[in-house]
Amino acid sequence: MEHRIVIQVEHYGSGLTARLAEMQADLGAANIEVVLHGEAVRALIGDVQLPLVNSIIACQRALRSQQIDPEQLPAGVQVVPSGLAQIVRRQTEGWAYLKL
């Protein structure tokens, strides 16, 4: 069984990548989507090591409030109008929800 998990990240901590790796090892096959909003989007700027997940989503509203141009984001990061709305959509589709 493949797990589908949407993870809400509002405050990006240094241990997030390690926790995600541990979760993937415990679950095996998993489709993991990380949604960053609030101040967490700041973690996507500069020399950043992105977690190895299926998709990383950045909230456009959060980018705007943090004065971050989407062009500054690493390749592969998707931008959605609302990170919270993305989480609601995934939950409606039956995805498990975690807040880290």
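Just past the end of helix 3, Gly 94 adopts a positive phi of about 95°. The model here is a predicted one, and another positive phi, of about 55°, turns up at Gln 67, even though that residue is not a glycine. Most residues other than glycine have a negative phi, so Gln 67 is worth a glance. Gln 67 sits in the loop between helix 2 and strand 4, and with 74% relative accessibility it counts as exposed.

Back to helix 3, which spans residues 83-92. Its buried residues are Gly 83, Gln 86, Ile 87 and Arg 90. These four span an arc of only 100° around the axis, so they end up on the same side of helix 3. That fits the usual helix geometry: with 3.6 residues a turn, residues three or four places apart point the same way. As for what this buried set packs against, the list takes in strand 1, strand 2, strand 3, strand 4 (77-80) and strand 5 (96-99).

Gln 86 is the polar member to look at on this side of the helix. Its relative accessible area is 9%, so it counts as buried. The side chain of Gln 86 makes a polar contact of 3.1 Å with the side chain of Glu 33. Leaving aside residues up to four places away in sequence, Gln 86 touches Glu 33, Val 35, Ile 57 and Val 80.

Three of those neighbours lead on to the nonpolar cores. The largest core holds 22 residues, and Ile 7, Ile 32 and Val 34 have the most contacts inside it. Two or more residues each are supplied by strand 1 (3-9), helix 1 (16-27), strand 2 (30-36), strand 3 (55-59) and helix 2 (60-65). Strand 2 gives the largest share, four residues. A second, separate core is made of six residues, among them Val 35, Ile 57, Val 80 and Trp 95. In soluble globular proteins, nonpolar side chains tend to be buried together.

Strand 2 deserves its own paragraph. Six of its seven residues are buried, so the rest of the structure largely encloses it. On one side of the pairing scheme, strand 2 runs parallel to strand 1 over seven bridges, with Val 6 standing opposite Glu 33. Strand 2 is also joined to strand 3, again in parallel, by four bridges; here Val 34 stands opposite Ile 56. In a regular strand the side chains alternate between the two faces of the sheet.

Ile 32, which lies in strand 2, has a relative accessible area of 0% and is therefore buried. Beyond its sequence neighbours up to four places away, Ile 32 touches Ile 5, Ile 7, Met 23, Gln 24, Val 53, Asn 54 and Ser 55. Ile 32 also lies 9.4 Å from Trp 95, C-alpha to C-alpha, although 63 residues separate the two in sequence. Ile 7, for its part, touches Leu 20, Met 23, Ile 32, Glu 33, Val 34, Val 35, Leu 98 and Leu 100, with the same sequence neighbours left out. Glu 33 thus appears again, since the residue that contacts Ile 7 is also the polar partner of the buried Gln 86.

Technical notes: Residues numbered from 1 in each chain as written. Predicted model: local features only at pLDDT ≥ 70, side-chain atom pairs only at ≥ 80, totals over all residues. Heavy atoms only, no water. Buried < 20%, exposed > 50% of the residue type's maximum accessible area, 1.4 Å probe, protein only. Polar contact = N/O pair within 3.5 Å; in protein donor to acceptor, adjacent residues only side chain to side chain. Contact = heavy atoms within 4.5 Å. Core = buried A, V, L, I, M, F, W, Y, C linked by side-chain atoms within 4.5 Å. Arc of directions from axis to C-beta. Pairing = 2+ DSSP bridges.
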